[in-house]
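Please read the following with the sequence and the model side by side. The text goes from the overall make-up to the sheet, then to the core, and ends with a single loop residue.

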Amino acid sequence: MHATFELEVKSGDVVGRLAQGQEYLAPYKTVSRRHLRFYLEGGEWYVEDLGSTHGTYLNGHRLHREALLKSGDRLQIGAENPPLILQVQIISPEGG
């Protein structure tokens, strides 16, 4: 079974044990304090790993640089067993 939750983020939000989502992520020791960041650029959403030790995986592939984020993508953060799957609802800058 996967640990799954929803987290609303806005452009520039950082997610981690001591950042956005800390209420969910604090117990997970393989999640960094500042693990990943979401941002909007040119009308497209991106996600980037912030140098975490245990990595961020987008659709099963470890991120080594920023990546385009599309609806339906799955993010795994850290090296938890079972995997910690992050379901994200992205809010546009206009609040819609």
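**From the fold to a loop serine**

The protein chain contains one helix and nine strands. The model is a predicted one. Read from the N terminus, the order of elements is β-β-α-β-β-β-β-β-β-β. The chain has 96 residues, and 39% of them count as buried. Its accessible surface is about 5800 Å², with 45% of that belonging to carbon and sulfur atoms. Of the contacts between residues at least 6 apart in sequence, 38% join residues at least 24 apart.

Next comes the sheet. Four strands make up an open sheet, ordered β2-β3-β4-β7, with antiparallel pairing. β2 (14–15) and β7 are the edge strands, each pairing on one side only. Strands of a sheet pair through backbone hydrogen bonds, either parallel or antiparallel.

The sheet can be followed strand by strand. Two bridges connect β2 with β3 in the antiparallel sense, and here V15 stands opposite L36 of β3. The step from β3 to β4 is made by six bridges, again antiparallel. L36 appears in this pairing too, opposite D49 in β4. β3 and β4 form a hairpin with two residues between the strands, in which G42 takes a positive phi near 60°. The last step, from β4 to β7, has three bridges and is antiparallel; in it, Y46 has L68 of β7 as its bridge partner.

Y46 also takes part in the one aromatic pair that the structure holds. Its partner is Y39: the ring centres are 5.4 Å apart and the planes stand at 15°, so the pair counts as stacked. The angle decides this because planes under 30 degrees apart count as stacked. The two tyrosines do not fall in one burial class. Y39 is buried, since its relative accessible area is 10%, whereas Y46, with a relative accessible area of 21%, is partly exposed. The cut-off that separates them is 20%, because buried means a relative accessible area under that value.

Which residues touch the most other members of the largest nonpolar core? They are V15, F38, V47, I77 and L86, in a core of 17 residues. At least two residues of this core come from each of β1 (3–9), β3 (36–41), β4, β7 (67–69), β8 (75–77) and β9 (84–90). V15 therefore belongs both to this core and, opposite L36, to the pairing with β3. With residues up to four places away in sequence left out, V15 touches L7, V9, Q20, L25, R34, H35, L36, F38 and L86. Among these, F38 and L86 are again residues that touch the most other core members.

The last stop is S52, in the loop between β4 (44–49) and β5 (56–58). Is this loop residue buried or exposed? S52 counts as buried because its relative accessibility is 8%. Its side chain has two polar neighbours to look at. One is the side chain of D49, with which the side chain of S52 makes a polar contact at 2.6 Å; D49 is the residue opposite L36 in the sheet. The other is the backbone nitrogen of G55, 3.1 Å from a polar atom of the S52 side chain. Beyond its neighbours within four places in sequence, S52 is in contact with S32, H35 and R62. One of these, H35, is also touched by V15.

Conventions:
Residues are numbered from 1 along each chain as its sequence is written. This is a predicted model: local features need pLDDT of at least 70, side-chain atom pairs count only at pLDDT 80 or more; totals for chains, interfaces and linings use all residues. Side-chain values use heavy atoms; hydrogens and water are left out. Buried means under 20% relative accessible area, exposed over 50%, partly exposed in between (1.4 Å probe, protein chains only). A polar contact is a pair of N or O atoms within 3.5 Å; within protein, one must be able to donate a hydrogen and the other to accept it, and residues adjacent in sequence count only if both atoms are side-chain atoms. Contact means heavy atoms within 4.5 Å. A nonpolar core is a set of buried Ala, Val, Leu, Ile, Met, Phe, Trp, Tyr and Cys residues joined through side-chain atoms within 4.5 Å. Two strands pair if DSSP finds at least two bridges between them. Accessible areas come from the Shrake-Rupley method with a 1.4 Å probe; for residues, only the protein chains shown count as cover. Rings of Phe, Tyr and Trp (its six-membered ring) pair if their centres lie within 6.5 Å; planes under 30 degrees apart count as stacked, over 60 as edge-to-face and the rest as tilted.
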